[in-house]
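Biologist: Please take one part of this model and walk me through it closely, beginning with what surrounds the bound molecule and then moving on to how the rest is put together.

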Amino acid sequence: MSLNDIVENGLCIGCGLCRSLSGPGEIEMIMTPEGRVRPIARKALGHSTLTQINAVCPGTRIAGPDQAQASDAALTDPVWGPAERLALGHAEDPEVRFRGSSGGVLTALGQFMLSSGRVKFILHVSALRSAPMRSEQRLSFDAASVLEGAGSRYGPVAPLADFSDILDRGEPFALIAKPCDITAVRNLARLDPRVHDHMRYALAFVCGGASDLSKSEQVLQRFGLREDELALFRYRGHGNPGLNRIETRDGRAFELTYRQLWEDEDKWMIQPRCKICPDAIGQVADIVASDAWLNGGPAVDDEALNGIIVRTRRGLELFDAAVAAGALAIKRETSFVELGELQSHQVRKRRAVWARLKGMEIAGKPVPVVTDLALKDCALQNSLADNLAEGRGARDRARRGRLGEPRPVPRGGSEAAMSKDGRL
Ligand SMILES: Cc1cc2nc3c(=O)[nH]c(=O)nc-3n(C[C@H](O)[C@H](O)[C@H](O)COP(=O)(O)OP(=O)(O)OC[C@H]3O[C@@H](n4cnc5c(N)ncnc54)[C@H](O)[C@@H]3O)c2cc1C
Ligand code: SF4
Ligand code: SF4
């Protein structure tokens, strides 16, 4: 597929890896009028570049976990995939726990990987300082910088736009990102040995989907604000889940609860690729952190806590060392059954994706090549009627173009393109 085919068929999530693999000036990441970060080719791409992009893009190829990374003792579940350990826990440091999106586990692990000398830096994302409603890729070399990236960034961001340059550094690092970003990097690892050589850990969060920037722009409209007035745009964190807090340069503050932010599902503005995501639960990561609202949902600020799925032997060594060093505190063990109760929307999605992809195929649309993710086994947990409804729904939406996207064009003015350092 061409780059435009990938985007227009709703398969792109804007990770930026294609840009990182292209030659100078060939691909730029742009912000589209819909509020999505998308690649556009500025020159005709050569056959080998396009072949490489098709091999690594997480919109075209989604592979499951590498069995060789699991121990003989690993648990497995058709919906949840492999696990060396399942726990509920949080960052031991109270500030990290407070500022983290849920319980600060990913931030605490990022800091621990640095302090224990396992890696030189963490590749993750944070709010863009000059435009805090937007997000940017960040390389963190110290604990303070990792902490600055704490919290969920629901809008678009391209953490892999400079991934090739990052590999060129030749230093050990860890990636903290969405499951699809990690899929992209695992795809690349099959072609580029530097990924195995330098990327020591890949950590993910369980992901319900990334919103268009337009979702955040709606919030500004609600308060009558302009983006250039903002000093802070925090989606959550500072509690679990914490408030969506906006501060302006002239000292005003505005807040929405998590429930208010997400109350109207029609306005979630989740990107098309997310609706057919076969691995939003990070089966390809070493460790995955999730929300764990034991009171049944974020009605009020809950105990700051994560679900933790340790997926690989490498992840288990890191997890055990982080607990022993006092970076992570474990409340108790958990189970696939409890995770399923806490993350029922993820269970529903895992069971629905096989039929959705079939529906898209019937509508004549391209779908990603998905391997080793037990999609059919998950679908068999649904009734025939449910599968038919999912398949027909996807087929009809695909025929109406609702699973696709317009050809990407930049928004006007200064936001047209991403600069060399990956900022929009
Ligand atoms: C788009 C999105 C959807 C989510 N959906 C779910 C869900 O369905 N179920 C669920 O249990 N949890 C979901 N979460 C995850 C949840 O909000 C927490 O991020 C997760 O529990 C980890 O919490 P933590 O306190 O350990 O994270 P923190 O310690 O706050 O660390 C979060 C890390 O994730 C990185 N990060 C944040 N946003 C992004 C992004 N957009 N792309 C790449 N990296 C990012 C940050 O740089 C930081 O390093 C979602 C998060 C996001 C961003
Ligand atoms: S998903 Fe990533 S690699 Fe694929 S086209 Fe989009 S930005 Fe490029
Ligand atoms: S739902 Fe899937 S495709 Fe969408 S952002 Fe999350 S991991 Fe990526």
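**Around the ligand, and between the domains**

Modeller: Happily! The shell around ligand 2 splits into nine nonpolar residues, two polar ones and no charged ones. Please keep in mind that this is a predicted model. The residues that make up these surroundings are Ile6, Cys12, Ile13, Gly14, Cys15, Gly16, Cys18, Met29, Pro39, Cys57 and Pro58. Among them are the cysteines Cys12, Cys15, Cys18 and Cys57. As for the space itself, ligand 2 takes up the largest cavity.

Now for the domains. Domain 1 is made of two stretches, 80-212 and 268-342, while domain 2 covers 347-397. Taken over C-alpha atoms, their centres lie 27 Å apart. Where domain 1 and domain 2 meet, 12 residues of domain 1 touch 11 residues of domain 2. Together the two domains bury about 900 Å², with 65% of that area on carbon and sulfur atoms. On the domain 1 side, the residues losing the most area to domain 2 are Ile276, Pro278 and Gln283, which together account for 55% of what that side buries. If you are looking for salt bridges across the interface of domain 1 and domain 2, the rule finds zero.

Methods:
Residues are numbered from 1 along each chain as its sequence is written. Chains are lettered from A and ligands numbered from 1 in the order in which they are written. This is a predicted model: local features need pLDDT of at least 70, side-chain atom pairs count only at pLDDT 80 or more; totals for chains, interfaces and linings use all residues. Side-chain values use heavy atoms; hydrogens and water are left out. A residue is near a molecule or strand if one of its heavy atoms lies within 4 Å of it. On a 1 Å grid over the protein atoms alone, a cavity is a set of points where a 1.4 Å probe fits but cannot get out, and a pocket is an open set with protein on both sides within 12 Å along at least five of seven lines; lining residues have an atom within 4 Å of a point. A molecule sits in a cavity or pocket if more than half of its atoms lie within 2 Å of its grid points. Ala, Val, Leu, Ile, Met, Phe, Trp, Tyr, Cys and Pro count as nonpolar, Asp, Glu, Lys and Arg as charged, and the others, Gly among them, as polar. Domain bounds come from an automatic or database domain assignment. Contact means heavy atoms within 4.5 Å. Buried area is the accessible area (1.4 Å probe) that two parts lose on being put together, summed over both. A salt bridge is a side-chain nitrogen of Lys or Arg within 4 Å of a carboxyl oxygen of Asp or Glu.
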